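Please examine the protein chain shown below before reading on. The report then describes the chain as a whole and afterwards turns to selected residues.

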Amino acid sequence: MSAKTNHWKKGRGKLGILEPLLGNWEASGTSPMGKVKCTRTFEKVLGGNYIQLVAKWEFGDKTYQEQALFGIENSQLFFRSFTSDGKNSYGTLSEATDIHPEAVCFEAQMPAGTARMIYWPDAEEGFHWVVESKNKKGWNRFTEHHYKTMG
């Protein structure tokens with residue numbers, strides 16, 4: 001597959017940083033629960049004032065779902081996420097240049113402590129997504145996916 005040039009082009013405004021994520025994406029791999037397939041759909045909603053994420057994780061016959069909104073509050077980009085296990089989280093834009101110079105990072109305070117999720121462009125196709133928790137030594141990565149356009 002040939003490299004896509006400038007596939008991580010940010011849009012205008014405070015939500016523009018999420019522009020490269022718009023669309024339908026899929027990733028697959030292994031997890032502690034076995035093989036996993038995850039789809040993510042990002043789309044502008046509510047007059048373009050928010051970006052909605054609908055994610056679906058499939059672990060064999062088990063499914064886990066997430067819906068999130070990204071928006072602006074008090075001049076800051078945030079996300080609010082709700083999951084099929086009844087949990088929810090809230091986080092704000094942070095930085096993760098330790099991962100990639102164009103990384104889009106959100107940090108959240110979770111019951112177990114500080115966590116961050118990071119998106120950054122793949123050199124050839126799609127993007128990478130990770131979730132990390134903060135510990136005394138730094139960041140501990142426990143989930144990593146490479147998303148490609150659904151096709």
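The following text treats overall architecture, then burial, and then individual contacts.

**The chain as a whole**

The structure is a predicted model. The protein chain contains zero helices and ten strands, and its pattern along the sequence reads β-β-β-β-β-β-β-β-β-β. The C-alpha atoms occupy a box of roughly 40 × 40 × 35 Å when the box is taken along the principal axes. For 151 residues, a compact globule would have a radius of gyration near 15 Å, and the protein chain, at 15 Å, agrees with this.

Of the 151 residues in the protein chain, 38% are buried. About 9,000 Å² of the chain is exposed, and carbon and sulfur atoms supply 49% of that area. With respect to charge, the chain carries 19 positive and 17 negative side chains; the centres of the two sets lie 2 Å apart. Among contacts between residues at least 6 apart in sequence, 30% join residues at least 24 apart.

**Four buried residues**

The table lists the relative accessible area of selected residues.

| Residue | Relative accessible area |
|---|---|
| Ser81 | 2% |
| Phe70 | 1% |
| Glu132 | 3% |
| Leu18 | 2% |

Why does Phe70 count as buried? Phe70 counts as buried because its relative accessibility is 1%, and the term applies to values under 20%. By the same cut-off, Glu132 is buried because its relative accessible area is 3%.

**Phe70 and Leu18**

Phe70 lies in strand β4, which covers residues 62-73. Leu18, by contrast, is found in the segment before β1 (23-31). Phe70 and Leu18 are in contact with each other. Leaving aside neighbours within four places in sequence, the other contacts of Phe70 include Leu15, Phe42, Tyr50, Leu53, Phe78, Phe79 and Met117. Ile51 and Phe106 also touch Phe70, and both of these residues touch Leu18 as well. Leu18 is further in contact with Leu77 and Val104.

Two distances relate these residues to other parts of the chain. The C-alpha atoms of Phe70 and Asn49 are separated by 8.8 Å, although the two residues stand 21 residues apart along the chain. For Leu18 and Phe42, which are 24 residues apart along the chain, the C-alpha separation is 8.9 Å.

**Ser81 and Glu132**

The next two residues have side chains that take part in polar contacts. Ser81 is found in strand β5 (residues 76-83). Which side chain is joined to that of Ser81 by a polar contact of 2.6 Å? The partner is the side chain of Glu66. Beyond neighbours within four places in sequence, Ser81 is in contact with Glu66, Gln67 and Ala68, and also with Lys87, Asn88 and Ser89.

Glu132 belongs to strand β9, which spans residues 127-135. Its side chain makes a polar contact of 2.7 Å with the side chain of Arg116. Another polar contact, of 3.0 Å, joins the side chains of Glu132 and Arg141. Leaving aside neighbours within four places in sequence, the residues in contact with Glu132 include Ile99, Thr114, Ala115 and Ile118. Trp139, Asn140 and Phe142 are likewise in contact with Glu132.

Methods. Residues are numbered from 1 along each chain as its sequence is written. This is a predicted model: local features need pLDDT of at least 70, side-chain atom pairs count only at pLDDT 80 or more; totals for chains, interfaces and linings use all residues. Side-chain values use heavy atoms; hydrogens and water are left out. Helices (H or I, at least four residues) and strands (E, at least two) are DSSP runs, numbered from the N terminus. The radius of gyration is taken over C-alpha atoms; the globule rule is 2.2 Å times the number of residues to the power 0.38. Buried means under 20% relative accessible area, exposed over 50%, partly exposed in between (1.4 Å probe, protein chains only). Contact means heavy atoms within 4.5 Å. Accessible areas come from the Shrake-Rupley method with a 1.4 Å probe; for residues, only the protein chains shown count as cover. Lys and Arg count as positive and Asp and Glu as negative; His and the chain ends are not counted. The place of a charge is taken as NZ of Lys, CZ of Arg, CG of Asp or CD of Glu. A polar contact is a pair of N or O atoms within 3.5 Å; within protein, one must be able to donate a hydrogen and the other to accept it, and residues adjacent in sequence count only if both atoms are side-chain atoms.
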